[in-house]
Amino acid sequence: MPMNRPATTVLAAVLCLLTGACGGASSGDDRTSTGTTDAAASRTGYPVTLDNCGRTQTFDKAPSRVVVMNGASVAEVSTLLALGLQDKIVANQQSYGRSEVAGRAAAIKALPTGDIKVNEAYDIPRESMLGLRPDLVLSVTTYGFDQKNGFATREQLEQVGAGSYVSPQGCDDDPSRMTVADSHRLLRDMGKIFNVSDKAERLIAESEKNIAAVSEKVKEKAEGGKRPKVMVLFSNMSMGSNDFSSVFAQGIVNDILARAGGANAFENAARSTFADLSKEKVAATDVDALVVIGYNDPDPAAYAKKLFKEFPQWPAARNNTYVTLSDSMYLGPSNDLAVRKIAEMLHPEAF
């Protein structure tokens, strides 16, 4: 199975921490201040205090030097862009190279990278991080703050006046329990930190409304037991010992599929986010539809067609039923787009 080497390395690191093979994070009670607290700050909505992975983070003003770590995620940078906070970012390492939101991929590409020489996990090492003089660092899991991985710890960042934030379900490095609600929580938390809660709540309300409308359209099909079995995987990606190691078993994709009137064909294949499957296991499973996630892959549709040639017995192959997605299928502000696109694929008669 072909590999995209940089993406493979990053995702392999994430898979390591998902399965509990990597080090965890420390916890404590910290007050990280990004300015001085006074009456004027209080009138503008500050100070803001959040509990994040057991650590108390207090912000006296909106961060202005934000660093977004890679972590094989695009959720954090997409959330900041959705909230209009791109001018706050001094270094970003996230990109899927594609997006369901018009203009977002180009907007991410245009962000500063900090001219950092990344480490083997394609992320920002400790000394380079401290040299960026951040006042807020975002990471999808605690992996990005683990000293054993060569990263600046949350304590070290606090010592230089920087706040730190781990995205929802990243505290215990187990995104297998992630749902759409976690995407909304990420929006809500960033809204509070940057004093744009009104905009965050509008985006959340719009997302919930859009998802509910789609779910209502496919409700009859779903309740009738007609939930097509869907295979969700990254294109051209290998992270384990078997032929198919980038197949989703748990996590936010299952919530998205359920809301779209579908079900994960490989939900029972693993308790972790990803399943590491043999070709024989994949061949023996009925796959009614395919969702291919493009991670810096310019042509994920070609990968879908390749799978259909390899497994012509699938109902999905016989009916050419697939959709290619990217950032909307994982943690981030655009899950409603994935719900709609998948629902239209699975239940076209409902639209």
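## How H10 meets H14

Helix H10 (residues 252–259) packs against helix H14 (residues 335–346) at an angle of about 50°, and the two axes are 8 Å apart. That angle makes H10 oblique to H14. The crossing of the two helices is right-handed. Keep in mind as you look around that this is a predicted model.

Which residues of H10 and H14 make the contact? From H10 come Ile-252, Ile-256, Leu-257 and Arg-259, while H14 supplies Asn-335, Ala-338, Val-339 and Ile-342. Sorted by class, the contact of H10 with H14 has six nonpolar residues, one polar and one charged.

## The surroundings of H10

Is H10 mostly covered or mostly uncovered? The helix is mostly covered, with six of its eight residues buried. Those buried residues are Ile-252, Val-253, Asn-254, Asp-255, Ile-256 and Leu-257. Ile-252, Ile-256 and Leu-257 have already come up in the contact with H14.

H14 is one of several elements that the buried residues of H10 pack against. They also pack against helix H7 (180–193) and three strands: E7 (229–234), E8 and E9 (263–264).

## Two glycines to look at

On one side of the helix, Gly-251 is found in the loop between E8 and H10. Gly-251 has a relative accessible area of 8%, so this glycine is buried, the cut-off being under 20%. Leaving out residues up to four places away in sequence, Gly-251 touches Pro-175, Ser-176 and Met-178. If you would like a distance to check, the C-alpha atoms of Gly-251 and Glu-267 are separated by 9.4 Å, with the two residues 16 apart along the chain.

The other glycine is Gly-261, just after H10, which takes a positive phi of about 85°.

## An aromatic pair and its cluster

Now for the rings. A pair of aromatic rings is described by the distance of the centres and the angle of the planes. The count of aromatic pairs comes to eleven. For Phe-248 and Phe-274, the ring centres are 4.6 Å apart and the planes are at 45°, so this pair is tilted; the tilted class lies between stacked, under 30 degrees, and edge-to-face, over 60.

Phe-248 sits in strand E8 (residues 244–248) and Phe-274 in strand E10 (residues 274–277), so the pair links distant parts of the chain, 26 residues apart. Both phenylalanines are buried. Phe-248 and Phe-274 also belong to one aromatic cluster, together with Tyr-96, Phe-234, Tyr-295 and Tyr-330.

Key: Residues numbered from 1 in each chain as written. Predicted model: local features only at pLDDT ≥ 70, side-chain atom pairs only at ≥ 80, totals over all residues. Heavy atoms only, no water. Axes fitted to C-alpha atoms, helices over the stretch in contact; angles between N-to-C directions. Helix = DSSP H or I, 4+ residues; strand = E, 2+ residues; numbered from the N terminus. Parallel < 35°, antiparallel > 145°, perpendicular 65-115°, else oblique. Left-handed = near helix turned anticlockwise from the far one by under 90°. Contact = heavy atoms within 4.5 Å. Nonpolar A, V, L, I, M, F, W, Y, C, P; charged D, E, K, R; others polar. Phe/Tyr/Trp six-rings, centres within 6.5 Å; stacked < 30°, edge-to-face > 60°. Buried < 20%, exposed > 50% of the residue type's maximum accessible area, 1.4 Å probe, protein only.
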